[in-house]
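Please look at the chain below as a whole before turning to its parts. The paragraphs that follow lead from one core residue outwards to the surface.

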Amino acid sequence: NYVFENGSYVKQDNDYLSLKLNEAKNNKLKENSDKLNKKRYGQSFNITIQGYDCVFDTSEQTQSDLQTAAIVTSSGTTYDNWVTNNGICLNLSANDIKLIFLGFFPLVSPLYQLDLQYKNAINNAQTIDEINSIEIIY
């Protein structure tokens, strides 16, 4: 069996089919990763800190900044001049950082279980049709 591909005929043997299956898996895994990151880094939430209604997002930058703030505040000092997404400037304590992390957890944590389910479904698929039938929704 031959197929016309990229300007020439290619034999559809086991190696060809295996290559195409792996390409389909890699493409679907990339789609999964892109959608996971969009959801993981594209959310926001409100929490009350120091009497203010504060908005935070789940962006990579915010997560990185929170890790830095957690390290700084672990020594008993505050992390000064944090500006929330709604423009409130705060000097954050370790307890404040904990509250912010608790706001992240219910938004981000369930995504990792879905990610694992999608990866398993993709990696266990035996045909390109199986892979194409996996609809990735976060």
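Which residues does Ile-49 touch, not counting residues up to four places away in sequence? With contact taken as heavy atoms within 4.5 Å, Ile-49 touches Cys-54, Phe-56, Leu-90, Leu-92, Asp-96 and Ile-100. Before going further, please note that this is a predicted model, in which local features need pLDDT of at least 70 and side-chain atom pairs count only at pLDDT 80 or more, whereas totals for chains, interfaces and linings use all residues. Residues are numbered from 1 along each chain as its sequence is written, and side-chain values use heavy atoms, with hydrogens and water left out.

The contacts of Ile-49 lead into the largest nonpolar core, which has 15 residues; such a core is a set of buried Ala, Val, Leu, Ile, Met, Phe, Trp, Tyr and Cys residues joined through side-chain atoms within 4.5 Å. Buried here means under 20% relative accessible area, exposed means over 50%, and partly exposed covers the range in between, with a 1.4 Å probe and protein chains only. Within this core, Ile-49, Phe-56, Leu-92 and Ile-100 touch the most other members. Two or more residues each come from strand 3 (44-49), strand 4 (52-57), helix 2 (60-73), strand 6 (89-92) and helix 3 (94-124), where helices (H or I, at least four residues) and strands (E, at least two) are DSSP runs numbered from the N terminus. Helix 3 gives the most to the core, namely four residues. As background, nonpolar side chains in soluble globular proteins tend to be buried together.

Strand 4 also holds Val-55, whose surroundings can be followed in the same way. Leaving aside its neighbours within four places in sequence, Val-55 is in contact with Ser-44, Phe-45 and Asn-46, and also with Thr-84, Asn-85 and Asn-86. The C-alpha atoms of Val-55 and Gly-87 are separated by 8.5 Å, although these residues are 32 apart along the chain.

Seen as a whole, the protein has four helices and six strands, and from the N terminus on its elements run β-β-α-β-β-α-β-β-α-α. The radius of gyration, taken over C-alpha atoms, is 23 Å, well over the 14 Å that the globule rule gives for 138 residues, so the protein is more spread out than a compact globule; the rule itself is 2.2 Å times the number of residues to the power 0.38. Along its principal axes, the C-alpha trace spans about 70 × 25 × 25 Å. Of the 138 residues, 29% count as buried, and among contacts with a separation of 6 or more, 52% are accounted for by residues 24 or more positions apart. The accessible surface comes to about 8,800 Å², of which 49% belongs to carbon and sulfur atoms, the areas being obtained by the Shrake-Rupley method with a 1.4 Å probe, and for residues only the protein chains shown count as cover.

Where do charged side chains pair up? The whole structure contains six salt bridges, each defined as a side-chain nitrogen of Lys or Arg within 4 Å of a carboxyl oxygen of Asp or Glu. One of them joins Lys-20 and Glu-23, with 3.2 Å from N to O; because these two residues are three apart in helix 1 (residues 14-40), about one helical turn separates them. Glu-23 counts as partly exposed, at 35% relative accessibility. Glu-5, Lys-20 and Glu-23 are linked in a network of salt bridges. Leaving aside neighbours within four places in sequence, Lys-20 is in contact with Glu-5 and Ile-128, and the C-alpha atoms of Lys-20 and Ile-128 are 7.8 Å apart in space, against 108 residues in sequence.

Further along helix 1, Asp-34 and Lys-30 meet in a salt bridge of 2.8 Å, N to O, and, being four residues apart in that helix, they are separated by about one helical turn. Asp-34 is partly exposed, with a relative accessible area of 41%. Lys-35 forms a salt bridge with Glu-31, the closest N and O atoms being 3.0 Å apart, and this pair too lies in helix 1, four residues apart. Both partners are partly exposed, Lys-35 with a relative accessible area of 35% and Glu-31 with 25%.

Finally, Tyr-2, Phe-4 and Tyr-9 form a nonpolar patch on the surface, with about 440 Å² of accessible area together. Patches are made of residues with over 30% relative accessible area and no salt bridge, like charges being joined within 9 Å and nonpolar side chains (Val, Leu, Ile, Met, Phe, Trp, Tyr) within 5 Å. Tyr-9 lies in strand 2 (residues 8-11) and, at 62% relative accessibility, counts as exposed.
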